[in-house]
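Let's take a quick tour of a protein model together. Have a look at the sequence and the 3D view first, then read on.

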Amino acid sequence: MNNKTFWNTRAAGLLLCLALPVIPTQAANEVPDPLSLEQALTFAEKHPRTQLSAEIAAHYPASRPLYLDCHNLAYNNSASPDNQRDRLLPSLVAPIDAQRLEIMQRFFDVLLADSSAVRDNENMAVYFIPLDRTKTRMELKEFSELDVAELDAEYQVVRQQGAASIASQRLTRSLLAQAINNPEKLPNELQPPTLPAPPAELPTTEELLKAALDSDHLSDLLDDADAPQRALLDMEIRQQILELVLRLDIFKVAAERNKAETLWRDYYLERSRTLYEQEVKSDIGDAMTQQSKVRLQQQQIQFCSVLALAQLNALQGKPVWPLATTAAKPEEKTP
């Protein structure tokens, strides 16, 4: 198979596998298409969760996202899985801010599901091509049925993963639809947001704690609490702030690591593609998969960083979006 046929087949596989089920349009409660993050957040005010007390809302816990696992991502899956660490305690932020954070998380999860589908569909195309070629050459007695069976078994594994990715696209959209209080219509196309650069420097933990305690929501909460409750709230707020600050520090390092690995994978893929075009044995399939994997992780790091900043804002009673950017301090000139 020549290079042109390879890329045409790959493109056809992407178009076929990325197709989402058509969702009928409804006149009521219209959701923009494409849907931006700013538009999605406007649906938070009328969500039923914003009308519930934190105690009652706790009886209806939100399911964990499929892809946006910020706690495990920060600690490189070396810590115990704990989905609750990705969410602020409902009592610490105003209900509408809690719902806005939920929408942000669901919005990012859909974008990651779409990126995962691209990765898995590329993988399917790569595994299908040698299988199809080997079937043809088996008829010419160049390969055996054993060779075909082995390649088909490998292809079916990635085909199942591709099917799971398509299902994940629909599932994450369903969770987003619930978050924007429109469960009967799944969002179709999302408009990826322009993400701000991470702040050059954060306020100290004590400064963040003071800002949080001075916010209207937490001030009212502390005023209504007795001494033991105030002590527990103070400890919990301090802990939440510390964890978010530490997570942001880790993500800075993770972003640098991802940048280095992305460059390596890009070079490696280019070499594998050159060998493939020269009809030399090449691991181009694995190279493409690894490149897609690091680009997906880049998205995860960016989304988790933005979410952590939004959570810090929510604790301080500030808008969760858009995030204010912090300019880097000018470097001091040496004399």
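Leaving aside its neighbours within four places in sequence, which residues is Ser91 in contact with? The answer is Ala54, His217 and Leu221. Before we go further, keep in mind that this is a predicted model. Here's the briefing, topic by topic.

**The chain as a whole**

- The protein chain has 10 helices and two strands.
- If you walk along the sequence, you meet them in the pattern α-β-α-α-α-α-α-β-α-α-α-α.
- The chain is 335 residues long, and 41% of those residues count as buried.
- About 18,900 Å² of the protein chain is exposed, with carbon and sulfur atoms supplying 55% of that area.
- Take the contacts between residues at least 6 apart in sequence: 78% of them join residues at least 24 apart.

**The nonpolar cores**

- The largest nonpolar core has 57 residues, and the ones that touch the most other members are Met104, Phe107 and Ile241.
- Plenty of helices chip in: α2 (37–41), α4 (70–74), α5 (95–139), α6 (145–179), α7 (205–213), α8 (216–223), α9 and α10 each give this core at least two residues.
- Helix α10 supplies the largest share of this core, with 12 residues.
- Not counting residues up to four places away in sequence, Met104 touches Leu37, Leu41, Val306, Leu307, Ala310, Val320 and Trp321.
- There's also a second, separate core of seven residues, with Ile129, Leu269, Tyr276 and Ala287 among them.

**The largest pocket**

- The largest pocket holds about 950 Å³ of space.
- It has 40 lining residues, and those closest to its centre are Ala54, Leu88, Leu89, Pro90 and Ser91.
- Two or more lining residues come from each of α3 (54–57), α5, α8, α9 and α10.
- Helix α9 gives the most to this lining, with seven residues.
- Sorted by class, the pocket lining has 20 nonpolar, 10 polar and 10 charged residues.

**Back to Ser91**

- You'll find Ser91 in the loop between α4 and α5.
- Is Ser91 buried or exposed, or partly exposed? Ser91 counts as partly exposed because its relative accessibility is 26%, and the partly exposed range lies between under 20% for buried and over 50% for exposed.
- Ser91 and Leu233 sit 142 residues apart in sequence, yet their C-alpha atoms are 9.4 Å apart in space.

**The cavities**

- How do you spot empty space in a model? Rolling a probe the size of a water molecule over the atoms shows where it is left.
- There are two cavities of 30 Å³ or more here, and the largest one has a volume of about 50 Å³.
- Arg85, Asp86, Arg87, Leu88, Gln240, Glu243, Leu244, Arg247 and Gln311 line the largest cavity.
- By class, that makes two nonpolar, two polar and five charged residues in the cavity lining.
- Helix α9 (residues 227–277) gives the most to the lining of this cavity, with four residues.

**A closer look at Asn313**

- Asn313 belongs to helix α10 (residues 284–315).
- Why does Asn313 count as buried? Its relative accessibility is 15%, and buried means under 20%.
- Leaving out residues up to four places away in sequence, Asn313 touches Lys318, Pro319, Val320 and Leu323.

Note on methods. Residues numbered from 1 in each chain as written. Predicted model: local features only at pLDDT ≥ 70, side-chain atom pairs only at ≥ 80, totals over all residues. Heavy atoms only, no water. 1 Å grid on protein atoms, 1.4 Å probe; cavity = no way out; pocket = protein on both sides within 12 Å on 5 of 7 lines; lining within 4 Å. Points joined across faces, edges and corners; volume = space filled by probe spheres on them. Nonpolar A, V, L, I, M, F, W, Y, C, P; charged D, E, K, R; others polar. Buried < 20%, exposed > 50% of the residue type's maximum accessible area, 1.4 Å probe, protein only. Contact = heavy atoms within 4.5 Å. Areas by Shrake-Rupley, 256 points an atom, 1.4 Å probe, with all protein chains shown as cover. Core = buried A, V, L, I, M, F, W, Y, C linked by side-chain atoms within 4.5 Å.
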